[in-house]
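Q: Could you take me through the salt bridges in this protein, one pair at a time? I'd like to see how each charged side chain sits relative to the surface.

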Amino acid sequence: MLSLSARFAASSCARVSRAACGGQRASLGSFHSSASCTAPRVAVVLSGCGVYDGTEIHEASAYVFRSVVKAVREAVSIFLMASVLVHLSRGEAQVQMFAPNISQMHVIDHCKGQPSEESRNVLSESARIARGNISDLAQLKVSDHDAVIFPGGFGAAKNLSTFAVDGKDCKVIEDVERVLKDFHKAGKPIGLCCISPVLAAKVLPGVEVTVGYEEEAGGRWPYAGTAEAITSLGAKHCVKDVTISFIVTFQVFTTLANS
């Protein structure tokens with residue numbers, strides 16, 4: 001069975017190949033080490049900088065889909081890891097980062113784990129991860145990209161949506177909803193990690209996603225209640241362990257956090 005990274009890569013790369021060949025469909029079997037494949041153009045949507053009030057930095061930059069293009073070119077199944085930018089870069093994907101130009105819900109002092117009095121902007125904070133090479137989410141167009149990825153971190157539940165406060169009654173910000181619907185309508189892959197699958201659960205009715213377990217298991221899975229909320233949103237939640245951690249429906253690829 002292909003891993004999430006290979007399936008995500010194949011999906012993105014097949015779209016690029018069809019476009020290059022006048023719209024002819026390319027089969028997964030045609031992707032071998034000798035096959036040429038244009039590097040996918042992948043948009044990564046950030047929600048700030050820091051696990052408690054923005055994007056989880058480890059998930060965004062260091063460990064979601066390992067060697068996206070390489071996985072297809074070599075026709076190998078690579079184990080899923082829970083990070084984005086490093087492995088997209090190693091896979092020679094063309095990456096462009098985006099974030100909404102809005103104020104954060106609040107700012108958390110990550111030493112104390114408590115809210116502070118200051119105010120910060122999501123786009124400005126996300127620029128820390130992107131080293132300044134980032135664009136306003138309002139500028140993200142589905143026609144410019146072959147796939148989009150949303151890393152985890154509480155920013156997805158606080159800044160990209162109101163899920164952290166409102167749960168099943170949450171709202172997703174307008175540009176995130178637009179991006180998800182546009183990529184879904186175009187049949188282009190959408191990747192969501194950790195808490196981010198709640199965004200798809202809210203916007204795409206009937207989608208199947210995973211955030212891990214549905215029971216806390218003695219504190220091992222402290223946010224298991226998220227799965228119940230996902231079901232309340234009209235989506236289907238699938239229980240997955242970190243070693244077998246992806247669900248793919250509607251070209252939506254979701255994975256739980258992998259610490």
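A: The protein chain folds into 10 helices and 11 strands, in what is a predicted model. Of its 259 residues, 50% are buried. The chain exposes about 11800 Å², and carbon and sulfur atoms supply 49% of that area.

Now to the charged pairs you asked about. Side chains of opposite charge can pair when their charged atoms come close. Counting a side-chain nitrogen of Lys or Arg within 4 Å of a carboxyl oxygen of Asp or Glu, the total is seven salt bridges.

Let's start with Asp 146, which pairs with Arg 41; their closest N and O atoms are 3.2 Å apart. Is Asp 146 buried or exposed? With a relative accessible area of 5%, Asp 146 is buried, because the cut-off for buried is under 20%. Its partner Arg 41 has 30% relative accessibility and counts as partly exposed. This salt bridge therefore joins a buried acid to a partly exposed base.

The pair formed by Asp 169 and Lys 168 has another setting. Their side chains meet in a salt bridge at 3.6 Å, N to O. Asp 169 is exposed, at 53% relative accessible area, while Lys 168, at 46%, counts as partly exposed.

Next come Asp 175 and Arg 178, whose side chains meet at 3.3 Å, N to O. Both residues belong to helix α8, which spans residues 174–186. Because they lie three residues apart in that helix, about one helical turn separates them. Asp 175 is partly exposed, with a relative accessible area of 23%, and Arg 178 is partly exposed too, at 24%.

There is also a group that goes beyond a single pair: Glu 118, Arg 120, Glu 125 and Arg 128 are linked in a network of salt bridges.

For a contrast with these charged side chains, have a look at helix α10, residues 225–232, where Thr 226, Ala 227, Ala 229 and Ile 230 are buried. These four cover an arc of only 160° around the axis, so they fall on the same side of α10. What do the buried residues of α10 pack against? Their neighbours are α7 (163–166), α9 (197–203), β8 (208–212) and β9 (236–239). Just after α10, Gly 234 takes a positive phi of about 100°.

If you are browsing the model, Asp 146 with Arg 41 is a good pair to begin with, followed by Asp 175 and Arg 178 on helix α8.

Key:
Residues are numbered from 1 along each chain as its sequence is written. This is a predicted model: local features need pLDDT of at least 70, side-chain atom pairs count only at pLDDT 80 or more; totals for chains, interfaces and linings use all residues. Side-chain values use heavy atoms; hydrogens and water are left out. Buried means under 20% relative accessible area, exposed over 50%, partly exposed in between (1.4 Å probe, protein chains only). Helices (H or I, at least four residues) and strands (E, at least two) are DSSP runs, numbered from the N terminus. Accessible areas come from the Shrake-Rupley method with a 1.4 Å probe; for residues, only the protein chains shown count as cover. The arc is that of the directions from the helix axis to the C-beta atoms. Contact means heavy atoms within 4.5 Å.
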